[in-house]
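Open the model in your viewer and switch to a cartoon view. The stops below say what to select and what is there.

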Amino acid sequence: MRLHRLEVEAFGPFAGKVELDLDALSGAGLFLVHGPTGAGKTSLLDAVCFALYADVPGARSKRGLRSDHAAPEAVPCVRLELTVGGRRLRLERSPEFQRPKKRGTGSTKVQARVVLEERRGRTWVALSTRNDEVADLVKDVVGLGLAQFARVVLLPQGDFAAFLRATPEERREVLERLFDISVFADVEAWLAETRRTSGSALDAARRELSADLARLEDALTGVAGTVDDGAVPADDDAASHEVAGALSQAPVATVPARLTEIAEALEVRLTTALADVDAAEGADRLAQEAVLSATRQADLARRAQRARLTLAELDDGEPGHASRVTALEAATRAATLGGHLAAVRRAATEVEQARAVVGRRTAALAARGLQATPDRAADLADRVHALDATVTVLESATRTALTLRQRLDDVVTRRQTAEHTVTAASTALDQAAPEVEHLTAEVQRLAAAAERVPGLELALAGHEERLRTLAAVEADLAAHDALAPDLVAHRDVVLAAQSVLLTLRQRRLDGMAAELAADLDDGDACPVCGSAEHPHPASTAGHVTADEVARAEADLDGAREALAVIESRATALLSAVETRRSALGDATRADVEAEVATAVLTLAEAGAERDRAHEAALRLADLRTRVSSLATARDRAAADTESLAHQAGQLTAEAADVTAALADAVSAHSECPCGTADPASHTATATAVDALVREVEVATSATARHDAAHNALLTAVEEAGFADPADAASAALPAADLERLRRVVVAHDDARATARAVLDDPEVVASLDQPLPDVPAAEATARAARQAVVSASTHREVLTRAVRVLARLRPSLEQTCERVAALDERHARVRDLADVAGGLGPDNTLKMRLTSFVLAARLEKVAALANERLQVMGAGRYVLEHSDERAAGGARSGLGLRVLDQWTGRTRETTTLSGGESFMASLALALGLADAVKEEAGGHDLATLFVDEGFGSLDDDSLEEVLTVLDGLREGGRAVGVVSHVADLRARIPHQVVVRKGTDGSTVEVRTAAGTQHVA
């Protein structure tokens, strides 16, 4: 895979458009991306990842990719051209971002966008604009995910320094993301799942067996309980023990044999229980028959005694019974006259009420001045109703006259108002005409002056920006001058540290003989001359150790880093000063301040004229609106005046006609008995006369009904056998008393008949000659017999249920026992295998999971590939080794890394390496891992690589060795980009991408052998 071109716009710290021709840089093979901290070096790598995967690696978020320095309307965009698998592709992506709304305030969200194209011939052909389709195609073509791409192509040294020192479990997480071990992970997961399912199946089978055994034990425990209670004698002690045994505690293999023993014992018991039930039921039948016979004989004797007592009591009350019978007969006859008596009372009440109403109606007419009697009421009503039509005409004419008067008064008032409106509007229009002409001329005059304001505002903004640029130049120069003492001091510190390091290295080389002599023992061969005798070993006094040299190297690295930081700051300040001075030209502060003052004064004068023009235009618009409204109101009021004058004439004529018709109606109504011309009074009088006529008719009808009811009563009294109505009324009783008397008489007769019937029964007569039986004794005997039947039946049912339960559960229990044994054996095999694959079993002494074992092989390959590069760096001193030693504390093992120091022949932890040694080992490890992942992903050729940071920890010799390794990566046309801010690399790598930061965002320039090219 080779990257050709990268374009970035409004992305990260870059406000404008940045175009990087990676083909031109690739021609050099090795190029440097440098700039101050925070300038945006890593953002260029993020842009490559975002173009391919719509995301950025590490802890950075893709939500903040849009540049904060860009214009509000700018659209963030990344374009990347690359060749992979023989295909030339171009990706263009925009992240999701917020832009200002086109109307109103606030912002609106713009969705993410992607376009994937392929170069076919001389044209670009669009392949897809869908995020999911593009992601699938990139994954298929590149063969790497984002995590793998970030490790293989970008080579983040900081991450691999952590990988170098990580624990086996942390190293496992990184390797799982880079290598596809899904097949082995699936096997491991399948074994774990099979262990869980087999365990669950075994537990379920055991629970099923326990449930069936519990049900069987419940039935068998009931059998044992009946034996222990003593209700039924036990056959023998052995059978009782088998019934009450706890089957759930027995081994599964013995359960079938025990079930057979229990079934045989239960059959013997059940046969005995059936015979016991038959004997108890026979005794119970005889006892129940004896109870029934004794109870019947006792009941007959008690009935005869009660009948004799009842007849005696009835004979004593016979006189009172005869008087009640006579009173009942008379009251029954009187009850037939109740309807006639009630009808007479109702008729009398109706006559009285009707006469009272007639009197009130007569008094009401008298209050109106009319002397009316019941016999003259109909004649008076005829006279009043004869004039009803005249009253209707009178009422209509009165109502019409009132309406016409109200309408005429309203028309006159509206006409006066309209005439006043015409006069006022005409006067106002005459006064407004001169003012309209004056304001029109003023607006035209001020409009020309207002047009100068936008140009003046733009000019003022330019002058103020020049003034701010001048202030920034002065501040940067002051800051650069302030850094001068620090630069001198840090350079002195670097020179002193270099001198100390060179001295210590020379002393260590001079004392190597003493170091070799310290390890010599008598009889051992000398590593230099081979002799076994050592007569004069070198002295170790004043010898310099490797730790002292390492500390001096660390001191020098720290001093160089501090100097590089200050030099970077000073260079950035001077670069910013040169850029701003080129924009200012030869202008001084006094010149720029004078330009600003003049522009401010001119803009203020033009602004005042613009404000006056605006105010005049507003006043003119308001005045014209008011003139238009006045003219409209005047015309409308003039038309209303003419219309209202015509309406007033018509209403006056109609009022005269209605007044004449009203006078004729009053004259015709003068003879009415009501004595008034008021229509309402006439209507009320007619209503009162009609009511009197109706009430007179009601009273006449009520009197006739009363006479008829009285005659019917006299006839009914005579037929009922009473002398007169008063005699019948005295014999009558209320309905409740009559019913109560009838029930008493009937009860007396029924009691006598019942007692006589009992004494006439032959069985009752016969029982009087026999002695009374002992019923309680017979009942006690029957209860004892019934209890014996219940006990025997209960015991039989318990045994029967136990036999049925055993017969139903026995086949299932035997099958379940076989299944539990088989599942137990299978689960043991699966559990042991899954524990070994998961790193949990006792046989897995390293606690290494299957996936870890596979990753360990990958790690061995990575270490071998890394050592090929590490042989060049560090003078071939160190070799990375994979370690599968068991971790302390029972932790998982198998993915350890150690470093072999070939100078001492000892293996030690990677954490003991110095800063520069750690960088070289980490870089070698990153390159080896990149090669291993490339092979794993299908062997795609990676023609473009980036190495991100970490060079500041190297001394000159180590830096030269690392650059030699990186330079070797160029074989086959590969391009390697080094991302660093280390100053020494600028002199060693001529092809550079320089990233600069500023207040308006970062900029980029490309430096090649052909010269400097500004790209943003």
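Two strands count as paired if DSSP finds at least two bridges between them. Helices (H or I, at least four residues) and strands (E, at least two) are DSSP runs, numbered from the N terminus. This is a predicted model, in which local features need pLDDT of at least 70 and side-chain atom pairs count only at pLDDT 80 or more, while totals for chains, interfaces and linings use all residues. Residues are numbered from 1 along each chain as its sequence is written, and side-chain values use heavy atoms, with hydrogens and water left out.

Select the open sheet of three strands, ordered β10-β11-β12 with antiparallel pairing. β10 (878–883) and β12 (906–909) are the edge strands, each with a single partner, so one side of each has no neighbour in the sheet. From one strand to the next, the twist averages 35° (axes are lines fitted to C-alpha atoms, for helices over the stretch in contact; angles run from 0 to 180 degrees between N-to-C directions).

Next, zoom in on β10 and β11 (residues 896–901), which pair in the antiparallel sense over six bridges. Here S883 stands opposite G896 in β11.

Add helix α23 (residues 850–870), which lies across β10 and β11 and runs at about 180° to β10. Contact means heavy atoms within 4.5 Å.

Now move to helix α2 (residues 41–53). Its 13 residues reach 19 Å from first C-alpha to last, close to the 18 Å expected at 1.5 Å a residue, where the expected span is 1.5 Å times one less than the number of residues. Is α2 mostly covered or mostly open? In α2, 12 of the 13 residues are buried (under 20% relative accessible area, 1.4 Å probe, protein chains only), among them L44, F50 and Y53. Finish on A54, just after α2, which takes a positive phi of about 60°.

Notes. Buried < 20%, exposed > 50% of the residue type's maximum accessible area, 1.4 Å probe, protein only.
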